[in-house]
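Reader: Please take me through this model, and justify each structural term when you use it.

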Amino acid sequence: MTAPRPIDFSIPQGRIGAPKRKGEVVITEKPRVVLQEGELRVKVTGAASGPQEIAFPANGSVKTLHEKVTSIVGTECLQKLLLGGSLLSEQAAGSAEKNNEEKTLESIGATPGSTVFAICTTKEEIKEIEDQDSGLTKFDGRRTFEQEAELERRRERAKPMYARKAEGSLQDYLFGFANITPLQADPNTGRKYTTPPPADALKLLEKLANDPGIQAVMKKYQWRVGLLTEIAPSLDTGLMGVSDHCLLGLNVNKGQEIQLRLRTSDLLGFRPYLSIKETLIHELTHMVHGDHDAQFWSLFRVLMREADEMDWTKSSGHAVADGRSHLSGSEDPEPVSTGHTLGSAVEEATPWADAAGRAALAAAEREER
């Protein structure tokens, strides 16, 4: 009597020659539906007995397919027809309008031999999901100490929000300054500003941005600046009594950012408002011209005059002997920098800056004539 042949358990389960394991459940695949000419395959999901596969004529109506699927599922349900991963019809078959019910599957994109998936969702399943979603938004008014502490930390870290008054037309919001941000500390030493504090610097920048004359000029030429901020006094930018020249303003990439020197060299106060305003108009002139040439100063004089004339508060101004226009009271204790504004002639202007520049240049030419 020969010994029994040992069982080779090294063969993966399910492969030919593999031994049958104890307690193994043999899964038999359902026979694939054979399609006749002009038919397509419909796979129904959502039935209690599991996925079903049926053959259905491609020229059959959506309504008939809906009834067939409902009989397979055993209850009324919401149905969606998918072909190739996308909706076959804009509407669910179960809620189709009367004018769509009689449409054939071919007319909405299905072809004979293709496979259509009918996804069914019963009303009970929909209600269960809605109940779960509604439960997520419920709050019983109780929070833990950790949750309260986290909310308090978020409030402290939150940045203040500023909104302009909803006045005027849409054109009024196509100009101006998108963001206004003061310096929090001296970038050279890292020491926080306290005299004056950043809050006062922010108020000064907002006053400049909302100045009627500045707003009128920016609205006329449709100028919009991404960021209005400040320049820190330093040896690099110039100090009163130490440096030959002081950088009072900077226009980066023709309107991407404008920086203004707000603080005095001793960091104990702000420069005169009208002097800073004149510097801002100087930097707005760089929206069109990068170099300090004749065209630049011609446009600068136009903008100074227009900012004065279009200011509804009627601020007065006068012209000095050198031909440059200055607002009254704009005497500056620090020398005004006439050096080239860094970055203003390197990058190309944005399309809106070019259009506004042509308008401003035309006004300057009219002024010269």
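Author: Let me begin with an open sheet of five strands, whose order is S2-S1-S5-S3-S4 and whose pairing is mixed. The model is a predicted one, in which local features need pLDDT of at least 70 and side-chain atom pairs count only at pLDDT 80 or more, while totals for chains, interfaces and linings use all residues. Residues are numbered from 1 along each chain as its sequence is written, and side-chain values use heavy atoms, with hydrogens and water left out.

Reader: What makes S2 and S4 edge strands of this sheet?

Author: Strand S2 (52-57) and strand S4 (86-87) have a single partner strand each, so one side of each lacks a neighbour in the sheet. The strands themselves are DSSP runs of E with at least two residues, helices are runs of H or I with at least four, and both are numbered from the N terminus.

Reader: How do you know that S1 and S5 are paired?

Author: Two strands pair if DSSP finds at least two bridges between them. Strand S1 (residues 39-45) and strand S5 (residues 115-122) have five bridges, in the parallel sense, so they satisfy that definition. Within this pairing, threonine 45 stands opposite isoleucine 119 of S5.

Reader: What packs on this sheet, and which strands are touched?

Author: Helix H1 (residues 62-73) does, touching S1, S2, strand S3 (77-83) and S5, and its direction makes about 120° with that of S3. Contact here means heavy atoms within 4.5 Å. The axes behind the angle are lines fitted to C-alpha atoms, for helices over the stretch in contact, with angles running from 0 to 180 degrees between N-to-C directions.

Reader: Why is glycine 84, in the loop between S3 and S4, called exposed?

Author: Residues count as buried under 20% relative accessible area, as exposed over 50%, and as partly exposed in between (1.4 Å probe, protein chains only). Glycine 84 has a relative accessible area of 79%, so it is exposed. Its C-alpha atom is separated by 8.1 Å from that of threonine 115, which lies 31 residues apart along the chain.

Reader: How do you know whether cysteine 77 and cysteine 120 are in a disulfide or free of one?

Author: A disulfide is a pair of cysteine sulfur atoms within 2.5 Å, and the structure holds zero of them. For cysteine 77 the nearest cysteine sulfur, that of cysteine 120, is 3.8 Å away, and cysteine 77 is in no disulfide. Cysteine 120 likewise is in no disulfide, with the sulfur of cysteine 77 as its nearest cysteine sulfur. As for accessibility, cysteine 77 has a relative value of 6% and therefore counts as buried, and cysteine 120, with a relative accessible area of 7%, is buried as well.

Reader: Which strands form the sheet of four, and in what order?

Author: This open sheet runs in the order S6-S7-S9-S8, with mixed pairing. Strand S6 (176-180) and strand S8 (249-252) stand at the edges, because each has a single partner strand and one side without a neighbour in the sheet. Neighbouring strands of this sheet are turned by 25° against each other on average, direction ignored.

Reader: What makes the pairing in this sheet mixed, rather than of one sense?

Author: S6 and strand S7 (residues 224-230) pair in the parallel sense over four bridges, and S7 and S9 also pair in the parallel sense, over three bridges, whereas S8 and S9 pair in the antiparallel sense over four bridges. Individual partners include glycine 176 with arginine 224 in S7, leucine 228 opposite isoleucine 258 in S9, and valine 252 with glutamate 257 in S9. S8 and S9 form a hairpin with four residues between them, and asparagine 253 in the turn has a positive phi of about 55°.

Reader: Which residues of S9 point one way, and which the other?

Author: Glu257 and Gln259 point one way, Ile258 and Leu260 the other way, and all are buried.

Reader: Why is leucine 268, in the loop between S9 and helix H7 (273-285), counted as exposed?

Author: Its relative accessibility is 61%, so leucine 268 counts as exposed. Not counting residues up to four places away in sequence, leucine 268 still touches Thr195 and Pro196. The C-alpha atoms of leucine 268 and threonine 195 are separated by 5.4 Å, although the two are 73 residues apart along the chain.
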